[in-house]
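Work through the exercises below with the sequence and the 3D structure at hand. Try each task before reading its solution.

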Amino acid sequence: FSSVAVVGYFVFSWNYMYLTVSIVILLTRIHIFIFIIESPRFYLVKNDVKAAKQSFEALEALTTADLDLNNTEIVDAGKTKERDQSLKKYPSVLKETLLVMVLWFFIAMFFYGFNFGWDKIAPNKFWGYIMGGVGELIATFLAVPLIHRMGRRRAMMMLHTAAAVIFLIAIPEVEIGNGWTLESVCCLFGITFVSGCFTGIYLWTGEVAPTSHRGFAYGVGSGAARFGSFIGPYIFNNLAPVTHRAVPFGGLAVASLLCALAAFLLVETGDKEIACVAADVEARRKGYRYRV
């Protein structure tokens, strides 16, 4: 977002601005189409076992693994029908998937609400986007060590609670100077906490969901995030001018606390083996005690 602000500062036409940003994105993403290895699951879904083995061989070359693929039968263990049946048979999988969807929805709502609203939040939209980018950069370097030290569950609870506090502090209308208000300053801290939550949910989803359901969990989570990303800018840009300023920020604070509750209801996965199938998730839940 900092680079977008720089482009927008020098390129005034929207057409050329989009063209410039598109070229930058293309140049920084083209390696994905050339070097990134396709998932073996993709080929298995298409019943192309030969291509799946080639994908495994390419992945093996990147690690120290020694796989005997010639004498190994490769099958798709996560067939759609079996997956849907397991959601009914093992309610813990369904429960945790729904909780993950809630987190994806609200985190995307916060994140895109900030990043499509800096021209309304900050007195100077260029500085707003630059400072927003700085906040995301800080979260990038600090979120992972924080999650590693505190655990996935506690870190996510802390980040969401901190975001809720920031939203509540932003409610009073206080002028600081040069067009900056308490709201704009709080939002710069808020984007740091929200970006940390985004980092955490990407990691946690892959550990909460069993291997047989991992793609499904990321799919429904990303789908929920798309809906949240549509609602976020409306709250930041359109709702605030027509209601009392406490309404949008108070609602965001409540949503952040709901996310903290959802994180509380999930399990800590950092000290556990990754679940392979739905039955492993159910076994992981047995005797589990909720502690902060």
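**Exercise 1: the cavity**

A search of the whole structure finds 1 cavity of 30 Å³ or more. The model is predicted, so local features need pLDDT of at least 70 and side-chain atom pairs count only at pLDDT 80 or more, while totals for chains, interfaces and linings use all residues. Residues are numbered from 1 along each chain as its sequence is written, and side-chain values use heavy atoms, with hydrogens and water left out.

Task: Describe the largest cavity by its volume and its lining.

Solution.
- Step 1, the term. On a 1 Å grid over the protein atoms alone, a cavity is a set of points where a 1.4 Å probe fits but cannot get out, and lining residues have an atom within 4 Å of a point.
- Step 2, the volume. The largest cavity has about 50 Å³, where volume means the space filled by probe spheres set on the grid points, joined across faces, edges and corners.
- Step 3, the residues. The lining consists of Val93, Glu96, Thr97, Val100, Thr205, Val208, Ala209, Pro210, Ala217 and Val281.
- Step 4, the elements. Helix 6 (91-115) and helix 10 (182-208) each give at least two lining residues; the largest share, 4 residues, is from helix 6. Helices (H or I, at least four residues) and strands (E, at least two) are DSSP runs, numbered from the N terminus.
- Step 5, the chemistry. The lining has 7 nonpolar, 2 polar and 1 charged residues. Here Ala, Val, Leu, Ile, Met, Phe, Trp, Tyr, Cys and Pro count as nonpolar, Asp, Glu, Lys and Arg as charged, and the others, Gly among them, as polar.

**Exercise 2: buried or partly exposed**

Task: Classify Ser92, His160, Met131 and Val254 as buried or partly exposed.

Solution.
- Step 1, the cut-offs. Buried means under 20% relative accessible area, exposed over 50%, and partly exposed in between (1.4 Å probe, protein chains only).
- Step 2, Ser92. This residue of helix 6 is buried because its relative accessible area is 11%. Leaving aside neighbours within four places in sequence, Ser92 is in contact (heavy atoms within 4.5 Å) with Val281, Glu282 and Arg285.
- Step 3, His160. In helix 9 (residues 152-169), His160 has 1% relative accessibility and therefore counts as buried. Not counting residues up to four places away in sequence, His160 touches Leu103, Ile107, Cys197, Ser256, Cys259 and Ala260.
- Step 4, Met131. This residue lies in helix 8 (residues 125-150) and is partly exposed because its relative accessibility is 32%.
- Step 5, Val254. Located in helix 12 (residues 246-265), Val254 has a relative accessible area of 49%, so it is partly exposed.

**Exercise 3: two helices**

Task: How do helix 10 and helix 11 pack, and which residues make the contact?

Solution.
- Step 1, the geometry. Helix 10 and helix 11 (residues 214-242) pack at about 145°, with axes 8 Å apart. Axes are lines fitted to C-alpha atoms, for helices over the stretch in contact, and angles run from 0 to 180 degrees between N-to-C directions.
- Step 2, the residues. Helix 10 contributes Tyr202, Thr205 and Gly206, and helix 11 contributes Arg214, Ala217 and Tyr218.
- Step 3, the chemistry. These contact residues divide into 3 nonpolar, 2 polar and 1 charged.

**Exercise 4: the whole protein**

Task: What share of the 292 residues is buried?

Solution.
- Step 1. Buried residues make up 41% of the 292 residues.
- Step 2. The secondary structure comes to 13 helices and 2 strands.

Note on methods. On a 1 Å grid over the protein atoms alone, a cavity is a set of points where a 1.4 Å probe fits but cannot get out, and a pocket is an open set with protein on both sides within 12 Å along at least five of seven lines; lining residues have an atom within 4 Å of a point.
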